[in-house]
Amino acid sequence: MSFASDVKNELISVSRESYKSGNMRDCCLHAEMYGLFLFCRNFSQSEISIKTENQNIAKLFSEFVKRITGNNALIEKSDAGKYKASVKTAQDRKKILSEFGHTGTEITRRLNRANLDDDCCMSALLRGAFMSCGTLTDPNKDYHLEFVISHKVLSEDMMKFITEVELSPKVVIRKGSYVIYFKDSESVEDLLTLMGATESSLEIMGMKMFKDMRNHVNRRMNFENANSGRAFDAAYKQIEAIRYIEEKRGLGYLPEELREVAKIRIENEDYTLKDIADNLSVPISKSGVNHRLQKILGIAEDLASFEKEALKK
């Protein structure tokens, strides 16, 4: 089951429980039913129907049809496993359209604000609309919630409606439909909470926190690995320089303070600068150790240059 289906099942559960417990007003139930019907692909005298992969949505559609008409919707399952719930008779379709102030013969499908009695109905309408035409990407992969609406003016009405709840969606045309979408996690979380899917919203927050932590750990590991690689390269160059000096002149060639650092470095190849600093007879800072090692590298380079000049002569 997809994350979108989980969200819709949560919304159905919230809706049913709220109404049974008396926490949902009749006006909100009316708005939710309106959202579910209005944003179906077919909402006219000739056909009122919904197609969905979620059986529970098809059953909810049928329940809402029965509330208005007294009759269940016809639910059919295709060979592909998708469900179609439809209003069976013209008389029942007329009742549903009339319930929400529509005739079914309108040239353009519009959002009838008369079905929203109070501010509380806004959340209910969004919930119904999302169950009808909404979808949501798995937040483990991406943050993307959208409403796919087949009518241009209705999509414009929906855009205006959503901005009234202080959200900022975007819209794009895809395959002849108008897709109102959100791509940032905060807006997705806010919309889910507004519709009543608080558990799904909290789950996204948890996933986001986990991904942020994982990314932080990965960045830290990459940084530490890069630093380890640089430290290894630096240590290798230092050891090669010390061995070159030892071979050409002996470590006694170095001043005492450099000789002590050189001995610790060559005898303990895995030591960090701090380890070397802590093991000196008179401990110094890491930058002090690094400074002395740079001097040793310089002496080795001078010896190598001297050798080359001698060979030329």
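**Thr 69**

I began with the side chain of Thr 69 in this predicted model, and found one of its polar atoms 2.8 Å from the backbone oxygen of Val 65. I then looked for a partner further along and noted the backbone nitrogen of Asn 71, which lies 3.0 Å from a polar atom of the Thr 69 side chain. Thr 69 belongs to helix H3, which covers residues 55-69.

Buried or exposed, I wondered about Thr 69? I looked up its relative accessible area, which is 10%, so Thr 69 is buried, the limit being under 20%. Setting aside neighbours within four places in sequence, I listed Asp 92, Lys 95 and Ile 96 as the residues in contact with Thr 69.

**Ile 75**

Next I went to Ile 75, which I found in strand S3, residues 74-77. I read a relative accessibility of 36% for Ile 75, and because that falls between 20% and 50%, Ile 75 counts as partly exposed.

Which residues does Ile 75 touch, apart from those within four places in sequence? I wrote down Ala 58, Lys 59, Ser 62, Tyr 83, Lys 84 and Ala 85. I also checked the backbone spacing to one of them: the C-alpha atoms of Ile 75 and Ala 58 are 6.9 Å apart, with their positions 17 residues apart along the chain.

**The sheet**

I turned to the open sheet of 4 strands and traced its order as S5-S6-S8-S7, with antiparallel pairing. Its edges are strand S5 (134-136) and strand S7 (170-174), each of which pairs on one side only. I noted that neighbouring strands here are turned by 25 degrees against each other on average, direction ignored.

At the S5 end, I found 3 bridges joining S5 to the antiparallel strand S6, residues 145-149. I picked out Thr 135, whose bridge partner in S6 is Glu 146.

**Helix H5**

From there I followed helix H5 (residues 120-133), which lies across S5 and S6 and runs at about 75 degrees to S6. I then looked at how H5 packs with helix H7 (residues 185-195): the angle is about 110 degrees and the axes are 8 Å apart. Since 65 to 115 degrees counts as roughly perpendicular, that is the label I gave H5 relative to H7.

Which residues make this contact? From H5 I listed Ser 123, Leu 126, Arg 127 and Phe 130, and from H7 I added Leu 191, Leu 194 and Met 195. I sorted the residues of the H5 contact with H7 into 5 nonpolar, 1 polar and 1 charged.

Methods: Residues numbered from 1 in each chain as written. Predicted model: local features only at pLDDT ≥ 70, side-chain atom pairs only at ≥ 80, totals over all residues. Heavy atoms only, no water. Helix = DSSP H or I, 4+ residues; strand = E, 2+ residues; numbered from the N terminus. Buried < 20%, exposed > 50% of the residue type's maximum accessible area, 1.4 Å probe, protein only. Contact = heavy atoms within 4.5 Å. Pairing = 2+ DSSP bridges. Axes fitted to C-alpha atoms, helices over the stretch in contact; angles between N-to-C directions. Parallel < 35°, antiparallel > 145°, perpendicular 65-115°, else oblique. Nonpolar A, V, L, I, M, F, W, Y, C, P; charged D, E, K, R; others polar. Polar contact = N/O pair within 3.5 Å; in protein donor to acceptor, adjacent residues only side chain to side chain.
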